[in-house]
Amino acid sequence: MPETGGSDTAQRHLTIAISGASGAILGIRLLLALKSTSITTHLIVSPAAIQTIASETTYTLSDVEASADVVHPYRDIGASIASGSFRTMGMVIAPCSVKTVSSIACGITDDLIARAADVCLKEGRPVIAVFRETPLHVGHLRTLTQFAEMGGIVFPPVPAFYARPATMDEMVNQTVGRILDRLGIDNTLVKRWNGIRAEINRKL
């Protein structure tokens with residue numbers, strides 16, 4: 001869907017980027033979860049992510065783009081979301097690759113994902129990096145620390161074992177729900193923890 005004009009104050013806007021790390025379903029499921037809200041989603045898909053989507057999911061790129069309200073080309077650094085004057089709720093990069101978070105942490109803004117993230121950070125808006133890598137070497141840790149010191153939110157998609165997920169689908173939903181939680185967006189995807197006593201009583 002092409003970028004459209006109009007006032008940016010009429011609705012809430014959220015930028016979602018899918019980079020080339022494994023876990024493309026996280027960004028896709030986030031887009032789908034937001035379709036039932038009043039939030040306008042702005043999507044950026046990196047070239048590497050196009051390959052990952054095809055490799056890891058049954059979705060086509062057209063399917064993914066149709067789930068967003070606005071789609072921005074990866075290299076379009078003149079897009080609305082490349083300016084701090086265009087007000088957004090922030091940005092989620094799901095999944096976030098090492099290359100992407102490194103570019104943001106070092107201020108290398110030669111693509112729209114890094115530029116939009118840099119804009120959000122300078123405006124004090126949340127940038128959630130769903131960092132998909134393990135194990136981590138010291139270079140990763142230093143980069144993530146620098147990103148966090150700039151105001152970024154490091155959000156590894158760690159399984160919530162207390163929720164006892166039975167399927168990969170449940171694990172993905174829990175992660176997506178927690179991302180929405182971090183942005184203050186109500187959702188029913190998260191299986192809430194009510195304390196260990198409540199869990200014990202539930203099993204008795």
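## A walk through the fold

Let us start at the outside: the protein chain has an accessible surface of about 10300 Å², and carbon and sulfur atoms hold 54% of that area. Keep in mind as you look around that this is a predicted model. Charged side chains are part of the picture too, with 19 positive and 18 negative ones in the protein chain. The centres of these two sets lie 9 Å apart.

Now for the overall form. Measured out along its principal axes, the C-alpha trace spans about 60 × 40 × 35 Å. A compact globule of 204 residues would have a radius of gyration near 17 Å, and because the protein chain has 17 Å, the two agree. Of the 204 residues, 47% count as buried. Contacts also reach along the sequence: among those between residues at least 6 apart, 77% join residues at least 24 apart.

Next, the building blocks. The protein chain has eight helices and six strands. Follow the chain from the N terminus and you meet them in the order β-α-β-α-α-β-β-α-α-β-α-β-α-α.

The six strands come together in an open sheet with parallel pairing. Reading across this sheet, the order is E3-E2-E1-E4-E5-E6. Strand E3 (70-72) and strand E6 (153-154) stand at the edges, and each has a single partner strand, so one side of each is left without a neighbour in the sheet.

For a closer look, go to the edge strand E3. Strand E2, residues 40-45, pairs with E3 in the parallel sense over three bridges. Here you can find His42 opposite Val70 in E3.

Technical notes:
Residues numbered from 1 in each chain as written. Predicted model: local features only at pLDDT ≥ 70, side-chain atom pairs only at ≥ 80, totals over all residues. Heavy atoms only, no water. Helix = DSSP H or I, 4+ residues; strand = E, 2+ residues; numbered from the N terminus. Rg over C-alpha atoms; globule rule 2.2 N^0.38 Å. Buried < 20%, exposed > 50% of the residue type's maximum accessible area, 1.4 Å probe, protein only. Contact = heavy atoms within 4.5 Å. Areas by Shrake-Rupley, 256 points an atom, 1.4 Å probe, with all protein chains shown as cover. Lys, Arg positive; Asp, Glu negative; His and termini not counted. Charge placed at Lys NZ, Arg CZ, Asp CG, Glu CD. Pairing = 2+ DSSP bridges.
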